[in-house]
Amino acid sequence: MYKSIFKRVFDLIIAIIAMPFWFIILAIIGPIIYFQDKGSIFYNASRLGKDGKIFKMYKFRSMKMSAPDLRNEDGSTFNAEDDPRLTKIGKFIRKTSLDETPQLLNIIKGDMSIVGPRPDLPEHADLYEGNENRKLEVRPGVTGFNQAYYRNTVPWKERIQHDIYYIDNLSMWLDIKIFFKTAVSVLKREDIFVSENSKKSS
């Protein structure tokens, strides 16, 4: 019952309550992003959603306009603290995870959930092996099991298995634990960027 009905209801309630606070963030962060290089405030990225549906995931733009697309060996997006593609405000919103807050709009639209597997790139659908496409059984999340407990310290294939574990054990209590563990990790700014060790293991 929670997975099929109440999870979506709780997502909507929390997202609607959070929207006025997000508008304040938008009013402060938006102009800074724009005036640093006169570019778009938002970055709209194509991602794999529930049942393989492709949707536009909203983020505050943290990189310079026309920045090249860099990938790790496993195909995941490159993410490092010294990434020269990041703007000054981009480094800040990455560290504080403020760049993810526009995904409240995705939650309201029904593309995403507050807690769930982080969405993959559309081309990753061709790289799934065995049961890995099971991560598409639920709506992707703004945060998830990996983000709460590992952040960016484990390779992509391992993250998928954690996502499947989450799906098999999905409950209100697990979502609550992931939500608050994520909040602690964000406040401590733990493992935000991919470490050298995690890149070597991917």
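Let me begin with what I mean by a ring pair: two rings of Phe, Tyr or Trp, the six-membered ring in the case of Trp, count as a pair if their centres lie within 6.5 Å. With that in hand, the cluster I would like you to find is the one in which ring pairs link Trp 22, Phe 23, Phe 42 and Phe 60. Please keep in mind throughout that we are looking at a predicted model.

Let me step back to the overall layout before returning to the rings. The protein chain has 202 residues, of which 47% count as buried, and its secondary structure comes to 7 helices and 4 strands. If you follow the sequence from its beginning, the order of these elements is α-β-β-α-α-β-β-α-α-α-α. Taking the contacts in the chain with a separation of 6 or more, 71% of them are between residues 24 or more positions apart.

Now back to the aromatic residues, for which a search of the whole structure gives 12 pairs. In one of these, Tyr 34 and Phe 35, the ring centres are 5.1 Å apart and the planes stand at 75 degrees, so this pair is classed as edge-to-face. Tyr 34 is partly exposed, at a relative accessible area of 35%, whereas Phe 35, at 55%, counts as exposed. A tilted pair is formed by Phe 145 and Tyr 149, with 5.0 Å from centre to centre and 40 degrees between the planes. These two residues are 4 apart in helix H4, which covers residues 145-149, and that separation is about one helical turn. In general, an α-helix has 3.6 residues a turn, so residues three or four places apart point the same way. Of the two partners, Phe 145 is buried, with a relative accessible area of 13%, while Tyr 149 is partly exposed at 35%.

Let me turn to the strands. E1 and E2 pair in the antiparallel sense over 7 bridges, and if you want a register point, Ala 45 has Met 57 in E2 as its bridge partner. The two strands form a hairpin with 5 residues between them. Of the 7 residues of E2, 5 are buried, so this strand is largely enclosed by the rest of the structure.

Two backbone angles deserve a look here. Most residues other than glycine have a negative phi. Asp 51, however, has a positive phi of about 60 degrees, and this residue lies in the loop between E1 and strand E2, residues 54-60; at 62% relative accessibility, Asp 51 counts as exposed. Lys 38 likewise has a positive phi, near 55 degrees, and is found in the loop between helix H1, residues 2-37, and strand E1, residues 42-48. The relative accessible area of Lys 38 is 53%, which makes this residue exposed.

On the other side of E2, what is the state of Arg 61, buried or exposed? Arg 61 counts as buried, at 6% relative accessibility, and is located in the loop between E2 and helix H2, residues 88-95. Its side chain reaches the backbone oxygen of Met 63 at 2.6 Å. Leaving out residues up to four places away in sequence, Arg 61 touches Ile 33, Asp 37, Gly 39, Ser 40, Ile 41, Phe 42, Tyr 43 and Ile 93.

That brings me to the nonpolar interior. The largest nonpolar core has 25 residues, and those with the most contacts inside it are Ile 29, Ile 93, Tyr 166 and Ile 178. At least two residues of this core come from each of H1, E2, H2, H3, E3, H4, H5 and H6, with H1 giving the most, at 6 residues. Apart from neighbours within four places in sequence, Ile 178 is in contact with Val 115, Thr 143, Gly 144, Phe 145, Ala 148, Tyr 149 and Tyr 166, a list that includes both members of the tilted pair. A second, separate core has 6 residues, among them Leu 48, Tyr 128, Leu 136 and Ile 160.

I will finish with helix H5, residues 156-168, whose 13 residues should span 18 Å at 1.5 Å a residue, in agreement with the 19 Å between its end C-alpha atoms. Its buried residues include Trp 156, Arg 159, His 162, Asp 163 and Tyr 166, and the buried residues of H5 pack against H1, strand E3, H4 and helix H6.

Terms used: Residues numbered from 1 in each chain as written. Predicted model: local features only at pLDDT ≥ 70, side-chain atom pairs only at ≥ 80, totals over all residues. Heavy atoms only, no water. Phe/Tyr/Trp six-rings, centres within 6.5 Å; stacked < 30°, edge-to-face > 60°. Buried < 20%, exposed > 50% of the residue type's maximum accessible area, 1.4 Å probe, protein only. Polar contact = N/O pair within 3.5 Å; in protein donor to acceptor, adjacent residues only side chain to side chain. Contact = heavy atoms within 4.5 Å. Expected span 1.5 Å × (residues − 1). Pairing = 2+ DSSP bridges. Core = buried A, V, L, I, M, F, W, Y, C linked by side-chain atoms within 4.5 Å.
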